[in-house]
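Let's take a walk through this structure together, starting with the overall layout and then zooming in on a few spots. Keep the 3D view open as you read.

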Amino acid sequence: MALWKETTENEQGTAPAQEQSAPPSPVPPRKEISAQGRHESFFGPGVTIEGKIEGDADVRIGGKFTGNIEINGNLEIDKGARVAATINAATVTIEGEVEGNVSASAQVKLLESGQVIGDVKAATLTVAAGSRMRGMVEFGWTASESAKLASIRVHEKAKTGSAG
């Protein structure tokens, strides 16, 4: 019997061009968004973690997490996952539920089953039909443009606050 696309000498003689299929896996397949050289950390359904996640790796959450996430890699929040955290990552893909502010240096993807309660800030934002969000959104601005806009807002608030 062949395992994982390996063939024995007998099978090579009877079926030279046929590929053997892999047995089904109980762990959901890894999505290929990881940059070369980075590893992915994953914790699945049934796991609850409180604390802080930080580093350069990609992270995929399938369970529950409460705390802070500061990574230079990509973050995936699977369908059914619940995250209550402040999130800073390169790319954030949300299929589950997030309560907290999300900041991505590259992109936030809010997929069909995704839900965010909090503010979202990213260079680009993709929102699928059926997803839900409650909060403020800022996207398409460079860091310097965002800083300039923030200083204008502070200046305007100071003017209106001193006038009354």
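First, a word about what you're looking at: this is a predicted model. The mean pLDDT of the protein is 80, and 73% of its residues reach 70 or more. Over residues 1-20, though, the pLDDT is below 50, and this stretch has 11 contacts in the model beyond near neighbours in sequence. A little further along, residues 22-27 also stay under 50, and here the model has three contacts beyond four places in sequence. Where pLDDT is low, the predicted coordinates should not be read in detail. With that in mind, let's move on.

How many helices and strands does the protein have? There are two helices and 12 strands. Trace the chain from its start and you'll pass through the pattern α-β-β-β-β-β-β-β-β-β-β-β-β-α. In other words, a helix comes at each end of that pattern, with the strands in between. Of the 164 residues in the protein, 29% are buried. As for contacts with a separation of 6 or more, 7% of them link residues 24 or more positions apart.

Now see how some of the strands line up. Strand β8 (residues 102-110) and strand β10 (residues 120-127) run parallel, joined by seven bridges. If you'd like one pair to look for, try Lys109, whose bridge partner in β10 is Thr126. β10 also runs parallel to strand β12 (residues 137-139), this time with three bridges. There, Lys121 stands opposite Glu138 in β12. So β10 is bridged both to β8 and to β12, given that two strands count as paired if there are at least two bridges between them.

Next, look inside. The largest nonpolar core has 24 residues, and those with the most contacts inside it are Ile61, Ile69, Leu75, Val83, Ile87, Val92 and Ile94. β3 (58-61), β4 (64-71), β5 (74-77), β6, β8 and β10 each supply at least two residues of this core. Which strand gives the largest share? That would be β6, with six residues.

Ile87 is a good place to pause. You'll find Ile87 in strand β6 (residues 82-94). Its relative accessible area is 0%, so Ile87 counts as buried. Not counting residues up to four places away in sequence, Ile87 touches Ile69, Leu75, Ile77, Val92, Val98, Asn101, Val102 and Ser103. Ile53 is 34 residues away from Ile87 along the chain, yet their C-alpha atoms are separated by 9.5 Å. Val92 has its own set of partners: leaving aside neighbours within four places in sequence, Val92 is in contact with Leu75, Ile87, Val102, Ala104, Gln107, Val108 and Lys109.

For a contrast, turn to Arg134 in strand β11 (residues 132-134). Is Arg134 buried or exposed? Arg134 has 64% relative accessibility, so this residue counts as exposed. Beyond neighbours within four places in sequence, Arg134 is in contact with Val116, Ile117 and Gly118. Asp119 lies 15 residues from Arg134 in sequence, and the two are 7.7 Å apart in space, C-alpha to C-alpha.

One last stop, at the rings. A search of the whole structure finds zero aromatic pairs. Still, the ring of Phe42 does have the charged end of Arg60 sitting over it, 4.2 Å from the ring's centre.

Key
Residues numbered from 1 in each chain as written. Predicted model: local features only at pLDDT ≥ 70, side-chain atom pairs only at ≥ 80, totals over all residues. Heavy atoms only, no water. Helix = DSSP H or I, 4+ residues; strand = E, 2+ residues; numbered from the N terminus. Buried < 20%, exposed > 50% of the residue type's maximum accessible area, 1.4 Å probe, protein only. Contact = heavy atoms within 4.5 Å. pLDDT = per-residue confidence, 0-100. Core = buried A, V, L, I, M, F, W, Y, C linked by side-chain atoms within 4.5 Å. Phe/Tyr/Trp six-rings, centres within 6.5 Å; stacked < 30°, edge-to-face > 60°. Lys NZ or Arg CZ within 6 Å of the ring centre and 35° of its normal.
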